[in-house]
Amino acid sequence: MPKRGLTAFAGRVAGAEQGKFTTRLIRWFVGQYAVDMSEARNPDIASYKSFNAFFTRPLKAGARPITEADFACPVDGAISQLGDIDDHHILQAKGHSFTTTALLGGDTALASQFRNGSFANVYLSPKDYHRIHMPCDGKLTSMTYVPGSLFSVNPTTARGVPGLFARNERVICIFESPEHGTFAMVLVGATIVGSMETIWHGLVKPKPANQMTQWTYADQNITLAKGDEMGRFLLGSTVIMLFRQHAIDLSADWAPEKLVRLGETMGNRPGF
């Protein structure tokens, strides 16, 4: 199918304010995917003017307590893969891997900082909460938009498309933590994903379109605390986190395909 045309059409529908049609669409979606509206700050389906407003709905206070551990899960979703970065290779699925350099848009100097580090890849399904939060405290240093394909990122596709996450459109956010060093949060686009937003930039749509674009923030103090919102997907996708060597011991409870929730323990500094 024409992924870009389908995605553009879905984006127009999701952003439109069509009254009763929008309400019927949201009601169908809630029933189809068993969305738990009791967790939403506003559970009234009819009050959402657009599908995007519903899809990026905030949670009610206290719905996702943030762990006291060093690293918190940044999203609701399911773990695709996690573990050690093998030199500079990241496991995608059995028989498939991709490199940190490819994921990070060809930036070899940046990729070298994560050599033999750790990674975690979390997939957000349609029913999940779609705001993205910080796994730990961090100061933003740069953001890069990388154009690419729009393959689906569900587990079935991940098992079948080589280099999937390094081929899809993505937004790379680099943070510096005084306790944990440099870490990356990579927001990966997919089929039907309308757009990606960050709280400091808004909608990430560079002009001219389909051109790699970088923003640096050395002269700004954009500092976010663990658990703070950092971005959102307008229709869901995947977040990949990269950490430097010896920065994190991932939780023993985490494993591929396990469902996870925002705020739960993702890991701790080694030795803690």
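Which residue is the bridge partner of Thr-198 in strand 11? I began the notebook with this point and found that Thr-198 is partnered by Gly-202. I note at the outset that the model is predicted.

**Entry 1: the open sheet**

I looked up the sheet to which these strands belong. It is an open sheet of four strands in the order 6-14-10-11, and the pairing is antiparallel. Strand 6 (131-133) and strand 11 (202-203) form the edges, each pairing on one side only.

I then went through the strand pairs. Strand 10 (residues 195-198) is joined to strand 11 by two bridges. Strand 10 also pairs with strand 14 in the antiparallel sense, over four bridges. Thr-198 appears again here, since its bridge partner in strand 14 is Gly-231. Strand 6 and strand 14 run antiparallel and are joined by three bridges. Within strand 14, I recorded Glu-229 as the bridge partner of His-133.

Is strand 14 mostly covered or mostly open? I found it mostly covered, with six of its six residues buried.

**Entry 2: salt bridges**

I searched the whole structure for salt bridges, and the search gave nine. One of them returns to the sheet: the side chains of Arg-131 and Glu-229 meet at 3.1 Å, N to O. Arg-131 lies in strand 6 and Glu-229 in strand 14 (residues 229-234), so this pair ties together parts that are 98 residues apart in sequence. I checked the accessibility of Arg-131, which counts as buried at 13%.

A further salt bridge joins Arg-269 to Asp-70, with the closest N and O atoms 3.6 Å apart. Arg-269 is in the segment after strand 18 (265-268), while Asp-70 is in the loop between helix 3 (51-55) and strand 1 (71-72); the pair therefore ties together parts 199 residues apart in sequence. Arg-269 is partly exposed, at a relative accessible area of 26%.

I also noted Arg-115 and Asp-87, whose side chains meet at 2.5 Å, N to O. Arg-115 is in the loop between helix 5 (108-112) and strand 5 (118-123), and Asp-87 is in the loop between strand 2 (77-84) and strand 3 (89-93), so the pair ties together parts 28 residues apart in sequence. Asp-87 is partly exposed, with 25% relative accessibility.

Finally, I recorded a network of salt bridges that links Glu-39, Arg-64, Asp-76 and Arg-261.

**Entry 3: cysteines**

How many disulfides does the count give? The count came to zero disulfides. I looked up two cysteines: Cys-73 is buried at a relative accessible area of 0%, and Cys-136 is buried at 1%.

**Entry 4: aromatic rings**

I counted 14 aromatic pairs. In one of them, the ring centres of Trp-28 and Tyr-33 lie 6.4 Å apart with planes at 85 degrees, so the pair is edge-to-face. Trp-28 is partly exposed at 48% relative accessibility, and Tyr-33 is partly exposed at 32%.

The rings of Phe-183 and Phe-243 have centres 6.0 Å apart and planes at 25 degrees, so I entered this pair as stacked. The pair links distant parts of the chain, with Phe-183 in strand 9 (residues 181-188) and Phe-243 in strand 15 (residues 238-243), 60 residues apart. Phe-183 is buried at a relative accessible area of 1%, and Phe-243 counts as buried at 1% relative accessibility.

As a last item, I recorded a cluster linked by ring pairs, made up of Trp-28, Phe-29, Tyr-33, Tyr-48, Phe-51, Phe-54 and Phe-55.

Note on methods: Residues numbered from 1 in each chain as written. Predicted model: local features only at pLDDT ≥ 70, side-chain atom pairs only at ≥ 80, totals over all residues. Heavy atoms only, no water. Pairing = 2+ DSSP bridges. Salt bridge = Lys/Arg side-chain N within 4 Å of Asp/Glu carboxyl O. Buried < 20%, exposed > 50% of the residue type's maximum accessible area, 1.4 Å probe, protein only. Disulfide = S-S within 2.5 Å. Phe/Tyr/Trp six-rings, centres within 6.5 Å; stacked < 30°, edge-to-face > 60°.
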